[in-house]
Amino acid sequence: MSGATSAAAVAAPRLRHRLVAEFLGTAALLCAVIGSGVMAERLAGGNTAIALLANTLATVFALYVLIETLGPVSGAHFNPLVTLVVASKMPSAHSGQAQVALFFIAAQLAGAVAGAWLAHAMFDMSVFQFSAKLRSGWGQWLAEAVATAGLILVILRAPPGKAAALVACYIGAAYWFTASTSFANPAAVLGRMLSDSFAGIAPASAAGFVIAEAAGAVAGVLLSRALGPIPTDAPH
């Protein structure tokens, strides 16, 4: 066996591991978001603020655990826009990066669907459904752009070893300071579109959210560049 063939054989399982991590991580994240929304709505007695607080806390805790656990395997993107931003920062000569990014995105979207269905199954709901919750208008779209810009900025500027805590904290805060409750993730839009629950979004509203998120991701990259390189001697 040649050296090149041996290297390819070693690299192939590694890519599979990364894809499994992205699938599982996105599925678990959507399961946490949707499942906690269902549980919160059932227990909150009609108090939307309490339901949102419970939904937020479950999402924050799950996100932190998932990033810490799966980050060493795949980078814990769980988000097509994060994958695209990471891919855009790779050297242009990096072999197969575009293909890997497409595989990542496919795994994330499949995971989002699986996570939504799993949440429904656990709560004895109809597995296959669509949300009827309309979320549209300039305020909602601006909120999604702001939420996503902030998420990308946090990811790009996080000091080594701090990303999990910073991302989880940011998303938790953005649940409350944005009008959209901070989806900030096209995979999350897909999963939540397939759930007629507290966390859902109607299919008619999905395109506007994804476009706003894409614009926000670009803004986040530009903001990071405007701040210059992260100082290597910055206190961590």
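## Helix α6

Ala165 lies in helix α6 of this predicted model. The residue counts as partly exposed because its relative accessible area is 34%, a value that falls between the limits of under 20% for buried and over 50% for exposed. Although Ala165 and Leu63 are 102 residues apart in sequence, their C-alpha atoms are 8.9 Å apart in space.

Helix α6 covers residues 163-177. At 1.5 Å a residue, its 15 residues should span 21 Å, and the C-alpha atoms at its ends are 20 Å apart, so the expected span and the model agree. The buried residues of this helix are Ala164, Val167, Ala168, Tyr170, Ile171, Gly172, Ala174 and Tyr175. An α-helix has 3.6 residues a turn, so residues three or four places apart point the same way.

## A nonpolar patch on the surface

Trp176, which is also placed in helix α6, is partly exposed because its relative accessible area is 44%. Together with Ile50, Leu53, Leu57 and Phe61, Trp176 forms a nonpolar patch on the surface, and the accessible area of these residues together is about 510 Å². Helix α2, made of residues 48-74, gives the most to this patch, with four residues.

## Cysteines

A search of the whole structure finds zero disulfides. Cys31 counts as buried because its relative accessibility is 11%, which is under the 20% limit. Cys169, by contrast, counts as exposed because its relative accessibility is 54%, which is over the 50% limit.

Methods
Residues are numbered from 1 along each chain as its sequence is written. This is a predicted model: local features need pLDDT of at least 70, side-chain atom pairs count only at pLDDT 80 or more; totals for chains, interfaces and linings use all residues. Side-chain values use heavy atoms; hydrogens and water are left out. A disulfide is a pair of cysteine sulfur atoms within 2.5 Å. Buried means under 20% relative accessible area, exposed over 50%, partly exposed in between (1.4 Å probe, protein chains only). Patches are made of residues with over 30% relative accessible area and no salt bridge: like charges are joined within 9 Å, nonpolar side chains (Val, Leu, Ile, Met, Phe, Trp, Tyr) within 5 Å. Accessible areas come from the Shrake-Rupley method with a 1.4 Å probe; for residues, only the protein chains shown count as cover. A salt bridge is a side-chain nitrogen of Lys or Arg within 4 Å of a carboxyl oxygen of Asp or Glu. Helices (H or I, at least four residues) and strands (E, at least two) are DSSP runs, numbered from the N terminus. The expected span of a helix is 1.5 Å times one less than its number of residues.
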